[in-house]
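User: I would like a close look at a single part of this model, please, with each term explained as it comes up.

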Amino acid sequence: MISIKRPYIENENGKSRLCAEIAIAPEIYEKWKKQIGSRREYAGYEKAYSYGKDKFQLWYEVEDRSEQILCQERTDAFVVAVLYFAMVTGEDIEYEGVLSNELYHNLNTNLIPMHCNERSGLKPIRIIGRTESRKIESLDKNGTGVSRGVDSFDTIFTYLAENMDAEHRLNCLTVFNVGSYNNMPDLRARKTGMMTLDEYNEKAENFFSHDVEKGRQIAKELGTDFIAVNSNINSLYQGVFLELHGYSNSSAVLAVQKLFSHYYYSSAGEPEKARWGVEEDASDNVQFFSTESLQFYLARENVTRIEKIQHISQHETGRKRLHVCCDETENCGKCGKCFRTLLILELIGKQPEFKESFKDTSAYEKKGWKKYVWILDKKDQDFFAKDIYEYIKREKMKIPMIAKAYHYTLPVRKVIHAIRGDWKG
Ligand SMILES: [Zn+2]
């Protein structure tokens, strides 16, 4: 059993926090570690952290003047926060206070049976506590996250479009510190002892502050409000994020639910493919986190990465401020995400217009014909590569012969990499 106490507000050092005590017994943490450690990408992850106590305070923090938007009348944020942990470990959730009835219904009737059943092998869990179907009074803002990535900007420009109806028009951008800043390269460094836990957390905190500053500037440029929410939810999930970002981000929205009536959550997945399952990047879940007063939307499903970049390229703020890099606070121009985006920009003829976003493209240019090899090698298993490949064919563009010839050496390269132990799948 995972127990959540009644939410309350704390004010300190010019900040306000919505808090609740969460009790999780040590043996449940052991179950979690075993489950997560068995996933290939998280093998040995438990070396990065230690779960100390069986009780901890989970919190969501905003600037002091924003205290009135924290929702202590509902336990919604905290139930959604621990839900993924509960499903993976097969533990029921018992809570104090009240849950929005709509959310309670969505979770029990749809989300939990979807993930916890005989097919998945996960034990169905129960959510136990009182519910309330009265609406929460809110400031009726329409929000979305401003991570500055492709999905984020595409959603922003979609809901800011002139023809968007007033009810749904975007008017508030958000930045949440709910796990994305504790990124994979740093988790690996932490696992191998190259980084202390304090350094790891401090780096995440710095990334967050940087994004808050950038997010605030973009909101000003686009004429919307802005809200930042800090949280310690990563102390529960400890670096596991990709599979549960829909849960942790939505929990932050629910913590400030007196602000919103609509929230747009960018779909980041493969077009035309539903991604159910606790080991998938399952942002599809977000619609089940809606309450009587707050509706979540999965924004821009079935739109390809190329279509989104084409859309963004029509807006100056997007061209100037697109940030796709996971490794650096500015686009490094070297990592997989930077490479992929630069390749799309080149193919659609927009790379020069994104000069401010990608200041250094020298590493990309050095690749020459080799940049096409990735598309050919990966087109059958990576949907980004597949999209780009299909775009090239549709537009009747040419892939250099030398890249095609090199692609045919893939089986040999795989063997060589396997011997050297550096094949990346
Ligand atoms: Zn990069």
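Analyst: Helix axes are lines fitted to C-alpha atoms over the stretch in contact, and their angles run from 0 to 180 degrees between N-to-C directions. This is a predicted model, in which local features need pLDDT of at least 70 and side-chain atom pairs count only at pLDDT 80 or more, while totals for chains, interfaces and linings use all residues. Residues are numbered from 1 along each chain as its sequence is written, and side-chain values use heavy atoms, with hydrogens and water left out.

The part to look at is the crossing of helix 9 (residues 305-312) and helix 11 (residues 336-347), whose axes come within 10 Å and cross at roughly 70°; helices here are DSSP runs (H or I, at least four residues), as are strands (E, at least two), numbered from the N terminus. Helix 9 and helix 11 therefore count as roughly perpendicular to each other, a term for angles of 65 to 115 degrees. Their crossing is right-handed, meaning that the near helix is turned clockwise from the far one by less than a right angle.

On the side of helix 9, the contact (heavy atoms within 4.5 Å) is made by Arg 305, Ile 306 and Ile 309, and these meet Arg 340, Thr 341, Ile 344 and Leu 345 of helix 11. By type, the residues of this contact divide into four nonpolar, one polar and two charged, where Ile and Leu are among those counted as nonpolar, Arg is among the charged, and Thr, not being listed in either group, is polar.

If you follow the chain back from helix 9, you come to the loop between strand 11 (295-299) and this helix, where Arg 300 lies. Asn 302 has its place in the loop between strand 11 and helix 9 as well. Most residues other than glycine have a negative phi. Arg 300, however, has a positive phi of about 60° although it is not a glycine, and Asn 302, which is not a glycine either, also has a positive phi of about 60°.

How covered are these loop residues? Arg 300, at 27% relative accessibility, counts as partly exposed, and Asn 302, at 47% relative accessibility, counts as partly exposed too; the term lies between buried (under 20% relative accessible area) and exposed (over 50%), with a 1.4 Å probe and protein chains only. Elsewhere in the model, by contrast, helix 8 (residues 245-255) is mostly covered, with 11 of its 11 residues buried, among them His 245, Tyr 247 and Leu 254.

How values were computed
Angles under 35 degrees count as roughly parallel, over 145 as roughly antiparallel, 65 to 115 as roughly perpendicular and the rest as oblique.
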